[in-house]
Each structure stands twice: as C-alpha cells, then as structure tokens.
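Okay, thanks for coming, everyone. I'll put the structure up and then talk you through it for a few minutes.

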Amino acid sequence: MGFLRSATELDTWQKQLILSLLKSPKPIKTLNHLKSLHVFLLRTNLHQNNFAIGNLITHCSTLYLMRYAAQLFDQMLQPNSFVYNTIIRGFQQNHQPRNALCYYDRMVKSVRPDCFTYPFVIRACSDLMERSMGLCVHGQLFKVGLELDVFISTSLIEFYCGFGEVEVAGRVFDELPVKDVVACTVMLSGYVNEVGDMERARELFDKMPDRDLVVWNTMICGYVKVGDVEAAKMLFDQAPVKDVVMYNAILGCYARNGELEVMLRFFHEIPKRDLVSWNSIIGGLVRRRRIGEAIKHFHQMQMENVNPNEVTLVSIISGCAQVGALDMGKWLHSYINRNNLGLNVLVGTALVDMYAKCGDLESAEYVFDKMPIRDVVAWNAMIMGFSMNGQSRKTMEFFKRMKNEAMRPNDVTILGVLCACVHAGLVDEGQKCFDSISKELGLRPKLEHYGCLVDLLGRAGLLNKAYEVIQSMPMAPHTGVWGALLGACKIHKNVDLAEVAIEHLIELDHEDGGYLAIMSNIYANARRWNDVLRVRDLMIKKGVGKLRGCSSIEINGEIHEFGVEEKIHPRAKEIHYMIDEISNRLKMAGHVSSTNEVFFDVEEEEKEKALYFHSEKMAVAFGLIATDKGTVIRIVKNLRICDDCHGAMKLISGIFEREIVVRDRSRFHHFKEGSCSCGDYW
C-alpha cells in the first residue's frame, strides 16, 4: 500500500510540476523543449486536459509554431472554450487571421463563445478587411448578451474605424456603460487618424479623467497632421510628461511648416534626441535649401553616436541634387563607401539622381551599374538624367537596354523619353513613343505626356499640328499644355496662336505672372508696344510679376546665391569688376546683346546693362574669381535661361577656357569651347 501511495504521489507531483511549467512563460524557449513537455503530457495522461493543452498552445504561439499548435488541438476529443480561445488568439497574433476565423466557425458548432473569444475574432475580421463577417459577429453579440462588454466593444470600435465608419464606432462607444482608458484611446485615435476630426477628438480628450502618454501623443500628432502648429504646441506645453515621440511630432511640424530659427531652437531643447529627431531637422534644413547646415547636423549626429539610416542619407543626397551641390554629393558618396553602407535601391537611386542633376552623367551611370538591384525608379532616374542633360540618343539607348533587361517601363519612363525627343527635335521618335503608351504599355497618356507632345511639335515649328493635339485631348488641357504651346509661339513668333494660348492660361492660372511675361515678350518681339503695355497693366492689376531670377553656385562645399544686380555678396565689388571684364571681352568677340525682351520703355544702353547683371552671369563671374583655372563652373537657375545669357555663356566658355554647366528650370546646358550641348535647340 505504501508503494502504491508513493507511486500515486509521484504521479500527482509530476502532473503538478508539468502544469506549473506550462503556466510559466519563461522556461520554454525551443521546439525541442516544447516537444519534451508534450511527451510528459502523453506519459501523465494530460494530453486531453484542456488546461494543459491550452497552455501548451500558448507556448506554441509564442514560438510561432502554429502548425504544431493545430496538431495538438486536432488531437483533442472535447476542447473547451479555453482551448478554442487560445488557438484563435494564437492564429490572430501570428498574422494568420483566416485560420483564426476557421477555428471560430468550428467553435460555434460545439462550444459557446465567450467574452475572451470575440475580441480576437473581430481583430481577425479587421486584418482580413472582412466587413460583412465583422457585421455578423457584431449581430451575434446581441444574441449572447455581450454587446456591452468593454473589451469586445473596444475591438468593435477599432474594427469600424478601420473601415472609416467612425460614426458607427462612435455609437458603439456611446452605448458603453463604462468607458475605460483603452476604449477612449481607440475612439480618440479613430477621430484623429481616420477622419481628422480634431474638434470631436478634443471634446473626448477633455472628458477623459485619465490621460496617459499615448493619449497626449495621439492628440498632438493629430494637430500636427492637420497643420495646426499652434494647437499642437499649446497641448505640448500642457502635457505633464513629455517623451521623445511628443518632441519629434512638434519638431516634424516645425520642419514642414515652421520658421527656420524656431525649428532649430526647438531641436536643441529636446533632452534626448533619437534618429527620428535628427532626420526631421536634417529634412527641414534640406527643404529650406540650407544644405551646408544639414551637413553640419549630419556630422553632429555621428558625434552623438547616432548612426544615420537610409532616410538620413536620401534626404541629404536629394538636398545636394536640389541645389546642384556636386562636391557635397561626392563627399556623401565616399562616406557611404567608407562605412560599407551599401547601395540599396533607395540610396543608389538618390545618388544617380543627384549626379544627374549636377550634370555629372559619368558618375551617375557608374553608380547605376554598381547597384545590385535596380527598380523602375532607378531606371527612370538614369533616363531622366540623360534626357535633361540633352543626351537624347543616349536616352534612347538606355530605354532600349531597359526593355532588353525585362524591366517594364511606366508612365514616368515614357515622360523622360518624350522630354529627350523634345530637346533634340526628334519628332518621329517622339510621336512613336507617345503612341506606345496605349499600344504597348496599355496605359492612358496623362496630361504631362500631352504637354510633351505639344512641346515637341511646337518647337519643331508644327504649331497647327500641336494645336490639333490640344483640341483632340480626351481631358481638359492644363497650364503645362497651353504653356508649351505659348513657348513654341514665342520661338516661332506666332502671335495669333499665342493669343489663343494666353486666353486659356489666364482662365486657368490666376496667380502666375510668368505666362503674361512671355506674352509681353512675344508682343515686344513683334514690336506691338501698345499690346506690351496692355499686358504689363494686366500684370499690375492682377498683382502678379515675373518670378525673381535666382542662380546658385557651389564653391568649396558652400552654396552662394545671386539675384539680378545683387550687391549683398561679401565679394560683390570683385564680382562687379569681373562682370565689366566679361562685358568688354564679349564686345571684343562681337557679341551683340539681345535686348528685345527687356522693358521697352528703357533706353538701349540701360537694357544692355540690365542683361549683364542677370543672376547666371553674376554666378559665372563669381565662379571665375573663386575657382582655379580649368575648374568646371556649375550653376543652377530657377528660371529658363534667356537668349542673351545663352549666347554669352557660349562665348565666355571659349574666352575664359572654362566648361560651364547651367541647369535651368527645364534642362541642362553644357557650354564648352564656344558651343552648347543643346545645339541651340532649346
């Protein structure tokens, strides 16, 4: 009898031990450990014990072994609600919502679901976007009397918000007799993130007795999202506890909308800055074209042992592309190589784009060929690079290579190829490319494609055909299309068609004075001074003016910007002396200023003087005095280069034996030995 009692006690002790092991989340770390426990369950006849199997399934879920969990479940003869709930929760938490719903269907046929079942079933419906199934589950809650359970209702609120049905979610929330902080937070998140209703969100926020950090962050991020900087900052100041997420939300808002000094001051007030903080400040500086300061912060973040990620690198590289800062861009490229950061698609494409926008196509192609993986965006960056640099034939070769390598072009690719055709006057190739959008790619041409086609035909002198394209468009032409026709009319001095284009442009664009300025120049070239005066009066009446010309040049990693006749540069005197030297040497070379487009009521001598002080000439003058002989001068201009500056740049490149690269609003001009890469077709 003593032996039997001992055996029974031992058996009981083993069962208690294994059950305690199953309840503890710590010991089971591997599949082998899990299998050992399963063997013990079989030996101790606990393999049909609901508590034991339910806990073993929980461990399977933690180890992402849901197939093993399903095998355990399927061997159960009579699983109860605890086991069903455990496997449903396991599948839902392991991102297998379809299986979760399958086991729920099995459950309702044999076991009554309870308050622990429905939250995970509803979440599975949300994951699968199964609205109709979710509605059925909601209906079943009324049958079992669980419609007012706070945990289930919280899942329902989240479910309806996920479908954008915030009003329905609000009704579920309002019917709750007791609203805990989780239900309030989910409802608040619905108002903020799904519909941006900050008024109702604030109303709920003010009623909440307990507001944790998540609630404060949700509200502040909501105000940031709708662009209400003042309300976000006010709430930030009221928050009893502030974490880095809250600081980053306000900083991100300042980076997008705020003043530069306010953004910088707030950044330095953050007690503990993380990678997001640094990315926000660097992105904000890049957005304001303060590339030098962005680089300084980039160095500072490394000194504080914060490693940059691809967002950081892409942000700074794109900033260099924006202002044509080739030296900075090259330094960043060498930094990536030195630190073995690799060329993933995002960083590689950013480098290709940067080199292309700085006019260094050799480096752009080198990076492109080194990229291990290239998507359509990378191909487009290279094709656009060749296109805007006037290398139209190279664009066509690359386009052919892209198709040979089984990379399917998209609408942006075609736009790049069309632009290349525009710059080289390749009418037949351009027309064929335009036709391929629908015939080969199965896409519909967009407004931008029509704009390119009109530009292509117009520049080639086929103005009537360009106008026919506009009239046959399936959608209403936008300013880009009519603007392309107006530009072509200026080139070919077609006043009548220009008047048709400007009439539509005035209707479509009430603010931009650029088109009216072009029309004024068209009238001036036709010596129709009364019409020039009428257009100028219209510009004054509409309160618009020609956009201020601005050119920038990078010297020793620093960006220098120049406006027309600007005298605020530290070396302004030297620049003006160089301008005088350039003008004298241009006259000696036989250059005659093209004064047609300068105000007609200004004396001829004053017109010439105004042309000499155009921003790109100021930048070139500075480049000549600030760089060594033989250095390439690279300039970025915000407007299209004028006829006079284009002619002058050709001569300057020969007289001073310098290569000059000018990136204007629409393309690159590479001036070398007295000629331009555009072949005077621009």
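I'll go from the overall picture to the salt bridges, and end on one serine.

So, first thing to say: this is a predicted model. What you have on the screen is a chain with 36 helices and six strands. Along its principal axes, the C-alpha trace spans about 125 × 55 × 50 Å. The radius of gyration tells a matching story: the chain has 34 Å, whereas a compact globule of 682 residues would have one near 26 Å.

What about the inside? Of the 682 residues in the chain, 49% are buried. And if you take the contacts with a separation of 6 or more, 62% of them are between residues 24 or more positions apart. On the outside, the accessible surface is about 33600 Å², and carbon and sulfur atoms account for 52% of that.

Now, charges. The chain has 79 positive and 83 negative ones, and their mean positions are 5 Å apart. How many salt bridges does that chain make? The count comes to 28, and I've picked a few to show you.

Let's start with Arg200 and Glu167, whose side chains form a salt bridge at 2.6 Å, N to O. What does this pair tie together? Arg200 sits in helix α12, residues 198-207, and Glu167 in helix α10, residues 166-175, so the bridge joins parts that are 33 residues apart in sequence. Is either end buried? Well, let me put that properly: how accessible are they? Arg200 has a relative accessibility of 28%, so we call it partly exposed, and Glu167 is partly exposed too, at 48%.The next two pairs each sit within a single helix. Asp353 and Lys357 form a salt bridge at 3.3 Å, N to O. They are four residues apart in helix α21, residues 345-357, so about one helical turn separates them. Asp353 is partly exposed, with a relative accessible area of 22%, which puts it just over the 20% under which a residue counts as buried. Lys357 is partly exposed as well, at 29%.

Then, further along the chain, there's Arg585 with Glu581, where the closest N and O atoms are 3.2 Å apart. Both residues lie in helix α33, residues 572-588, and the spacing is again four residues, about one turn of the helix. Arg585 comes out at 31% relative accessible area, partly exposed, and Glu581 at 34%, also partly exposed.

Which residues go beyond a simple pair? Have a look at Asp369, Arg374, Arg401 and Glu405, which are linked in a network of salt bridges.

Last stop, away from the charges: Ser153. You'll find Ser153 in helix α9, residues 150-162. Is Ser153 buried or exposed? At 1% relative accessibility, Ser153 counts as buried. And what does Ser153 touch, once you leave out residues up to four places away in sequence? The list is Glu147, Leu148, Val172 and Leu176. Val172, by the way, falls within the residue range of helix α10, 166-175, the helix that holds Glu167 from our opening salt bridge.

So, to wrap up: a predicted chain with 36 helices and six strands, 28 salt bridges, and a buried serine at position 153. That's what I wanted to show you, and I'm happy to go back to any of it.

Methods. Residues numbered from 1 in each chain as written. Predicted model: local features only at pLDDT ≥ 70, side-chain atom pairs only at ≥ 80, totals over all residues. Heavy atoms only, no water. Salt bridge = Lys/Arg side-chain N within 4 Å of Asp/Glu carboxyl O. Helix = DSSP H or I, 4+ residues; strand = E, 2+ residues; numbered from the N terminus. Buried < 20%, exposed > 50% of the residue type's maximum accessible area, 1.4 Å probe, protein only. Rg over C-alpha atoms; globule rule 2.2 N^0.38 Å. Contact = heavy atoms within 4.5 Å. Areas by Shrake-Rupley, 256 points an atom, 1.4 Å probe, with all protein chains shown as cover. Lys, Arg positive; Asp, Glu negative; His and termini not counted. Charge placed at Lys NZ, Arg CZ, Asp CG, Glu CD.
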